[in-house]
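Thanks for sharing this one with me. I've put my thoughts below as numbered points, so do have the model open while you read.

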Amino acid sequence: LIGYHHWEVKGSDSSGIFQDVKGLEPGAEYEFSVYATKDKNTNAEKVEVRIEKLGGFVTIASQTYALDDIDKAKWTRLSVVGRVPEEEEGLRVLVIAYPAASGPRDGAIKFDDADLVKK
């Protein structure tokens, strides 16, 4: 379980976590998913799940979820599908939270059960 504590973010930059995953099949399609829930008073803007080339900085696939897409009463599955480049044997997976542009910085978003599976 990882928490994004919105009140701790003072600037307007995004915050996130990533992991490089090696040993994947070149050219194969993979789905990265993570479950999210939020406190009822959370006012962050959005969450992005992204797949990049191994080592990062080149986006392969991305899916953005508005805060309203994330349930506060149960876990919501967020996912994105991307293909390992032919010359690679891995991917970088990311979960990125974007703070609200204005208003009080309240609440938290929690993430759990991240998974990467071949399609």
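1. Let me start with the two sides of strand β7, keeping in mind that this is a predicted model. On one face sit Gly90, Arg92, Leu94, Ile96 and Tyr98, and on the other Leu91, Val93, Val95 and Ala97; every one of these residues is buried, so that both faces are covered. Put as a count, 9 of the 9 residues in β7 (residues 90-98) are buried.

2. Which strands pair with β7? One partner is β2 (residues 15-22), which runs antiparallel to β7 and is joined to it by 8 bridges. In this pairing, Ser15 lies opposite Ala97 of β7. Another partner is β4 (residues 46-53), also antiparallel to β7 and also joined to it by 8 bridges. Here Lys53 is the residue that faces Leu91 across the pairing.

3. Now to the charged residues. Side chains of opposite charge can pair when their charged atoms come close. The structure has 10 salt bridges, and a few of them deserve a look of their own.

4. Strands β2 and β7 are also linked through side chains: Asp20 makes a salt bridge with Arg92, with 2.7 Å between the closest N and O atoms. This pair connects distant parts of the chain, since Asp20 belongs to β2 and Arg92 to β7, 72 residues apart. Are the two partners buried or exposed? Arg92 has a relative accessible area of 10%, below the 20% cut-off, and therefore counts as buried. Asp20, at 30% relative accessibility, is partly exposed because it falls between the 20% and 50% limits.

5. A second salt bridge to look at joins Lys118 and Glu25, whose closest N and O atoms are 2.3 Å apart. It too connects distant parts of the chain: Lys118 is in strand β8 (residues 108-118), Glu25 is in the loop between β2 and β3 (29-38), and 93 residues separate them. Lys118 is partly exposed, with 46% relative accessibility, and Glu25 is partly exposed as well, at 40%.

6. Do check Glu52 and Arg50 too. These two form a salt bridge, with the closest N and O atoms 2.8 Å apart, and both residues are buried.

7. Finally, which residues are linked in a network of salt bridges? Glu31, Arg77 and Lys119 are linked in this way, so I'd suggest viewing the three together.

Note on methods
Residues numbered from 1 in each chain as written. Predicted model: local features only at pLDDT ≥ 70, side-chain atom pairs only at ≥ 80, totals over all residues. Heavy atoms only, no water. Buried < 20%, exposed > 50% of the residue type's maximum accessible area, 1.4 Å probe, protein only. Helix = DSSP H or I, 4+ residues; strand = E, 2+ residues; numbered from the N terminus. Pairing = 2+ DSSP bridges. Salt bridge = Lys/Arg side-chain N within 4 Å of Asp/Glu carboxyl O.
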